[in-house]
Amino acid sequence: MFTRLDRSLLVCSRANTDGVGWFVARSGGGWELGKSENGGEERARILIVDDDRDLLSLLEFLVKQAGLIPVTATRPADAVEVLGREDPSLAVVDLNLSPGDGFELVAELRRRSPALPILVLTGRANEDDKVRALDSGADDYVVKPFGHRELVARIKAHARRAERDRGPGKKEKLLEVGSLRLDLESRAVEIDGEEELRLTGTEFRLLEYLMRHGSSIVPTEALARQVWGYDDAPAREVIRVTVHRLRRKLGDDGDRRKIIETVPGVGLRLRPVPARRTTERSV
């Protein structure tokens, strides 16, 4: 079966009865021949939401190629139902849905599953739409047209991290740095012992990684690899928006407190702001 993703990417895939799948892909300057084997243990389920059935078929194939289990939906209502039934490790959502709205679906998936990694596919290359997708609750995005290897790498990185997070809990239950107290089980953060904020999976991993390094500077490339699983230009953009969103949740506006500090050209670090001794609640 041939599936055209865009003008630069055409994929032909075929699965044999022995479970070995072959694919031929043209992306950019040439053709590639590849093989995927679906044997072995398949753990993670990947929710794929797209109303383009050709693209949906391609995404299913790529997910199977990665050794994962695709579960699909073509409408937002079906995606919410599949989320509750299948408990996926990752959601891949095309923002250009009809009927429905991809941004609204991302927000609903995030509301129902705060820790679920959400990867959005978008043909909208302008920054406003990328920021809107991340603000809606997405953890990452891939802009169309995209290469299949790039997408598979993203999916595998998020799935590995999600499965790791679902594994046996860490020995310690709490992290404390200055006025911040992070509950590793509930994924909630307290500020000054009063506020309790709920974080998305990516926000949680970002703050946890910074807290584990105390006041040391964390290089941007290390942060990208640890929290997102890869380090490239799109990851740097996602980091920027996620840090902005986390700062907003923490009330880190620079007037009342400065918790996350950007070290230009290097990375990020926490400033252990002492806990306040007042009962006044921050807003």
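**Close-up views of a predicted model**

**View 1. Strand S9 meets strand S8.** In S9, Leu121 finds its bridge partner in Val142, in a model that is predicted. The pairing between S8 and strand S9 (residues 140-143) consists of 4 bridges, and these two strands run parallel. Together with helix H4 (residues 127-136), S8 and S9 form a β-α-β unit that is right-handed.

**View 2. Strand S8 and its two faces.** Strand S8 covers residues 118-122, and 5 of its 5 residues are buried. Ile118, Val120 and Thr122 point one way from the strand, whereas Leu119 and Leu121 point the other way, and all of these residues are buried. Such a division follows a common pattern, because in a regular strand the side chains alternate between the two faces of the sheet.

**View 3. Strand S7 alongside S8.** Strand S7 (residues 90-94) is joined to S8 by 4 bridges, and the two strands run parallel. Within this pairing, Val92 of S7 stands opposite Leu119 in S8. Between the two strands the chain passes through H3, and the resulting β-α-β crossover from S7 to S8 is right-handed.

**View 4. Helix H2 and its buried side.** Helix H2 spans residues 76-86, and its buried residues are Pro76, Ala79, Val80, Val82 and Leu83. These residues lie on the same side of H2, because they cover an arc of only 165° around the axis. The buried residues of H2 pack against strand S5 (45-49), strand S6 (69-73) and helix H3 (102-112). On the face of H2 that is turned away from this buried side, the residues Ala77, Gly84 and Arg85 are exposed. Following H2 comes Asp87, a residue whose phi is positive, near 50°.

**View 5. Leu59 in helix H1 and its contacts.** Leu59 belongs to helix H1, which comprises residues 53-65. With a relative accessible area of 2%, Leu59 counts as buried, because the cut-off for that term is under 20% relative accessible area. When residues up to four places away in sequence are left aside, Leu59 touches Ile48, Asp50, Leu121 and Leu151. One of these contacts, Leu121, is also the residue of S8 that has Val142 as its bridge partner in S9. Another of them, Ile48, falls within strand S5 (45-49), against which the buried residues of H2 pack. The C-alpha atoms of Leu59 and Thr72 are separated by 9.5 Å, and the two residues are 13 residues apart along the chain.

Notes
Residues are numbered from 1 along each chain as its sequence is written. This is a predicted model: local features need pLDDT of at least 70, side-chain atom pairs count only at pLDDT 80 or more; totals for chains, interfaces and linings use all residues. Side-chain values use heavy atoms; hydrogens and water are left out. Buried means under 20% relative accessible area, exposed over 50%, partly exposed in between (1.4 Å probe, protein chains only). Contact means heavy atoms within 4.5 Å. The arc is that of the directions from the helix axis to the C-beta atoms. Two strands pair if DSSP finds at least two bridges between them. A crossover is right-handed if, with the strands pointing away from the viewer, the path from the first strand over the helix to the second runs clockwise.
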